Amino acid sequence: MPFQFVLHKTDPSGARRGRITTNRGEIDTPCFMPVGTLGSVKSLSTDELKDLGAKIILGNTYHLMLRPGEEIVSEAGGLHRFMNWDRPILTDSGGFQVFSLARLVRLQEEGAEFRSHIDGSAHLLSPERAVEIQEALDSDIMMALDECPAADKPREYVEQSMALTTRWAKRCLEARRDAERNALFGIVQGGVFSDLRKRHAQELAALPFDGLAIGGLSVGEENAVMYDTVEATTPHLPTDRPRYLMGVGEPRDLLENIERGIDMFDCVIPTRCARTGRLYTRHGIVNIKNAANTRDFSPLDPDCTCPTCRNYSKAYLRHLFLSKELLAYRLLTLHNLHFFLDLMRQVREAIENDRFATFKREFLGDFEA
């Protein structure tokens, strides 16, 4: 079935409840997408991701084009077969990684010239090339190539960058070969300037994208600035297409932006924090390294139903983590991803019952107490 989005309900708070349909399955929104940068959500198997309830994961165009190369992934039958995942995959365009990771980046109208952070090899990532790579990966949702300017860039630069992103967005649409197989989202830029965000949202909304993302946030600005920028942007996005806020993942940030009309999120926070011993629970953050956990034989979170909390104590998890046992990273990642995916489940239920504002207040009251 071609890509579809149905908005089922809007809560009095402004939170939205919808459903995305792709050729490989349905995704209820609001949703959180685990990040599988290299074709793997770190330390977990795809079966474990399914057991956690993940309906869609994110892959990284920049990293996969450099290693193993999109040709190899394509020969394997696409990224889904390569990594044994039969549910939807969203891939980013690679633009953010080019500007944040690559060496000797040179921006031009044609695209971004850069040298690989792995071996120094030279590459050109153009809008056409970004689409070509994502089609080789056979992404269910592809992202248009954009420039993501740093948070401290002046208005004049941001305005020029925004115009370039629009021109690249149009080229991405022209380059796409099969709209029924591979959906394509545009990315709204404009820095922290509300009038630029409004203008860019309107420009991209006039183009035949399947959905629209808000990029260029969670890059160092204060949280209040992020919220204000999203609030200035979403009224100018179509209500009948999904809205994706890129790279945002702290629980408060998720809830605040859901209230502002966002449907989709991704972030490395659950997996990265698990690997540093930082665990999310309904009653706040637990640092598993703390000495207080040495003889604590209770679960990490007694109210959590994840495999880690059902079967292991904080004392054991601390022992594994301090011993650098590989099992520690898997068990802690299972817990953190369960927390984020279950939070989205609770959010969807609250929206369905017109009580999102109450849920948000109660949840944050417990989490931040």
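Two strands are said to pair if DSSP finds at least two bridges between them. The exercises below concern a predicted model.

**Exercise 1.** Determine which residue of β17 stands opposite L279.

*Solution.* Begin with the strands: β16 covers residues 278-281 and β17 covers residues 284-287. They run antiparallel and are joined by four bridges, and the definition of pairing asks for at least two. The connection from β16 to β17 is a hairpin through two residues. Within this arrangement, the residue of β17 opposite L279 is V286.

**Exercise 2.** Compare the span of helix α8 with the expected value, and establish how its buried residues are placed around the axis.

*Solution.* Helix α8 comprises twelve residues, 194-205. The expected span is 1.5 Å times one less than the number of residues, which gives 16 Å; the end C-alpha atoms are 16 Å apart, in agreement. Next, list the residues of α8 that are buried: L196, R197, H200, A201, L204 and A205. Viewed down the axis of α8, these fall within an arc of 160 degrees, and therefore line one face of the helix. Their cover includes α7 (155-175), β12 (183-188), β13 (211-214) and α9 (223-233).

**Exercise 3.** Identify the residues with the most contacts inside the largest nonpolar core, and describe the surroundings of F209.

*Solution.* The largest nonpolar core contains 88 residues, and F209 and V347 have the most contacts inside it. Helix α14 (residues 326-352) supplies the largest share of this core, 13 residues. Apart from this core lies another, of 19 residues, including I20 and L58. For F209, set aside neighbours within four places in sequence; its contacts are then A144, A169, L173, L184, F185, G186, L204 and R241. One of these, L204, is a buried residue of α8.

Notes: Residues are numbered from 1 along each chain as its sequence is written. This is a predicted model: local features need pLDDT of at least 70, side-chain atom pairs count only at pLDDT 80 or more; totals for chains, interfaces and linings use all residues. Side-chain values use heavy atoms; hydrogens and water are left out. Buried means under 20% relative accessible area, exposed over 50%, partly exposed in between (1.4 Å probe, protein chains only). The arc is that of the directions from the helix axis to the C-beta atoms. Contact means heavy atoms within 4.5 Å. A nonpolar core is a set of buried Ala, Val, Leu, Ile, Met, Phe, Trp, Tyr and Cys residues joined through side-chain atoms within 4.5 Å.
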